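Good morning, and thank you for joining this meeting. I would like to take you through one structure, part by part, for those who have not seen it before.

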Amino acid sequence: MTVWDALVGQDSVVSTLTAAARAAALVTTQGPLAAARAGMTHSWLFTGPAGSGLAVAARAFAAALLCENSPPGCGQCPGCHTVLSDTAADLRTVRPEGLSIGVRDVRALIRDAASAPSAGRWRILLIDDADRFTDSAANALLKALEEPAERAVFLLCAPSVDDVLPTIRSRCRSVALRLPSVDDVTAALVREGVDEGLARMVAQASQGHVGQARRLAADPQARARREAVLRLPSRLNRVGDCLAAAADLVDAANADAQAANADRDEAETEALKTALGVGATSAGTRSTSARGGARAGAKPKSIQVRGAAGALKELERTQKSRGRRTVLDSLDRALVDLAGLYRDVLAHQLRAGVAPVHPDHAEAIERLAATATPEQTLRRWEAVLATRQTLADNPGLVPQLTTESLALALRDA
Ligand SMILES: [Zn+2]
């Protein structure tokens, strides 16, 4: 398995990145200038729709840059392995825990970029969601991109080039990923050991979103939540039904977020408490104190406790913000499923002959098609898309109110 195998349906991207990684390898024998002349670049902007594998592509490239073999990206050497297992000393990742990336995160990143690689050839700074910089963070980053440290490589990921400030994107070499086809995703899942029938169903249902397809294939509860979302249009008879359906939609998103974050939140809190030496239950603190010896520079207890309370509060804030982001992401996925359903209904009404998004819901689609005009279906489809946009533009909105007005709009269309 090479590092590129995880990328689905992106052949031209793989050849671009492999060539760049080959050029980058020249830095060891001939220096940074030779690498640059051969086609290596310090700043990269990876773009592509959600699910196209942006993060996967950026990580594969990071691995290839630190790979010790040729062709780069073997997937076997320590360079590749440490990147893929997220333990590479020369890779620093910034991903927004909350709704945006602040200037503090970017300053830390830039300080890191200035230091020499500790093990590999390059110091790699990977920024997920580069569309979520605050203005001051974007300006700080811009300075670093204008005068990059000799061995620093910045990898930025964003949905599209339009989501990144023109000043930033003009400093970057662009790598555009496309949404893989249903066949590409099916074949990838089958290679990963998923039964062919299930692979095709989830590939269709996730509309080219590879991560979502993998999740649906692996998690029966995720499939159950999708079922519940797709049953929603059949439940909207009275106002009370609409409100209940809206509440269910938000509850499912909350459950999704809870499932995704609960373990991580608890582990982080526990680790921080252990590090701070407050109320920890793990063996970590016991073993340090058992070794005896007062630690040099130990602070008076009152300061320690106050500092610890602040740090825990900060962590709680981060976790809350991340939780909210996950709820919104999950709600967005539900709305994509719902939009796909109305698209199928409209295609059925117009006998468009296109492949359905939800072939496993043919019966419900027929029923909905028989009880509405194409104009109504179109209005419903548009209402779902408009709700997605509203939530994306106003992350501070109360999801419940937004989904309630959607449910009512679907009923009254
Ligand atoms: Zn390797």
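I shall begin with the whole chain, turn to the metal site, and then go through the cavity, some backbone details and the two ends.

Please keep in mind that what you see is a predicted model. The protein chain has 413 residues, and 42% of them are buried. In secondary structure, the chain holds 17 helices and five strands. If we take the box along the principal axes, the C-alpha atoms fill roughly 75 × 60 × 40 Å.

Let us now look at the zinc ion. Which protein atoms serve as its donors? They are the SG atoms of Cys67, Cys74, Cys77 and Cys80, and they lie 2.3 to 2.4 Å from the zinc ion. Along the sequence, these donor residues follow the spacing C-x6-C-x2-C-x2-C. The site is tetrahedral, with angles of 105 to 117° among the four donor atoms. For orientation, the ideal angle for four tetrahedral donors is 109.5 degrees.

How accessible are these cysteines? Cys74 has a relative accessible area of 15%, so it is classed as buried. For Cys77 the value is 6%, and this residue is buried as well. Cys80, at 0% relative accessibility, also counts as buried. With several cysteines gathered at one ion, one may ask how many disulfides a search of the whole structure finds. The answer is zero.

The stretch around the metal site has a further detail. Ser70 and Pro71 are joined by a cis peptide bond, with omega at about -5°. Pro71 sits in the loop that runs between helix 3, residues 54-66, and helix 4, residues 78-84. As background, most peptide bonds are trans.

From this part of the chain I move to Ala119. Where is Ala119 found? Its place is the loop between helix 5, residues 103-114, and strand 3, residues 123-127. Is Ala119 buried or exposed? Its relative accessible area is 70%, and since exposed means over 50%, Ala119 is exposed. Ala119 and Gly79 are 40 residues apart along the chain, and their C-alpha atoms are separated by 8.8 Å.

Next, the interior. The count of cavities of 30 Å³ or more comes to one, and the largest cavity has a volume of about 150 Å³. Its lining consists of 16 residues, and those closest to the centre are Arg225, Arg226, Asp256, Ser330 and Ala334. Which helices each supply at least two residues of this lining? They are helix 10 (210-218), helix 11 (220-231), helix 12 (239-276) and helix 14 (301-349). Helix 14 gives the most, with five residues.

Two residues deserve attention for their backbone angles. Most residues other than glycine have a negative phi. Asp129, however, has a positive phi of about 55° although it is not a glycine. Asp129 is placed in the loop between strand 3 and helix 6, residues 135-146, and it is partly exposed, with a relative accessible area of 28%. The second case is Gln207, again not a glycine, with a positive phi of about 50°. Gln207 belongs to the loop between helix 9, residues 196-205, and helix 10. At 29% relative accessibility, Gln207 counts as partly exposed.

I come now to the later part of the chain and to an annotation. An unreviewed UniProt entry assigns residues 338-410 the annotation "domain: DNA polymerase III delta subunit C-terminal". In the model, this stretch is 73% helix and 0% strand. The C-alpha atoms at the ends of residues 338-410 are 11 Å apart.

Finally, consider Val3, found in the segment before helix 1, residues 11-30. Val3 has a relative accessible area of 5%, and because buried means under 20%, this residue is buried. Along the chain, Val3 and Ala413 are 410 residues apart, and the separation of their C-alpha atoms is 48 Å.

To close, I would ask you to remember two places in this predicted model: the tetrahedral site of the zinc ion, and the cavity to whose lining helix 14 gives the most. Thank you for your attention.

Terms used:
Residues are numbered from 1 along each chain as its sequence is written. This is a predicted model: local features need pLDDT of at least 70, side-chain atom pairs count only at pLDDT 80 or more; totals for chains, interfaces and linings use all residues. Side-chain values use heavy atoms; hydrogens and water are left out. A disulfide is a pair of cysteine sulfur atoms within 2.5 Å. Buried means under 20% relative accessible area, exposed over 50%, partly exposed in between (1.4 Å probe, protein chains only). Donors are N, O and S atoms within 2.8 Å of the metal (3.2 Å for Na, K and Ca); water is not among the atoms, so sites may look incomplete. Four donors count as tetrahedral if all angles lie between 85 and 135 degrees; four count as square planar and six as octahedral if opposite donors are over 155 degrees apart and all others between 65 and 115; anything else is irregular. UniProt positions are given in the numbering used here, feature names are shortened, and annotations may be inferred rather than shown by experiment. Helices (H or I, at least four residues) and strands (E, at least two) are DSSP runs, numbered from the N terminus. On a 1 Å grid over the protein atoms alone, a cavity is a set of points where a 1.4 Å probe fits but cannot get out, and a pocket is an open set with protein on both sides within 12 Å along at least five of seven lines; lining residues have an atom within 4 Å of a point. Grid points are joined across faces, edges and corners, and a volume is the space filled by probe spheres set on the points.
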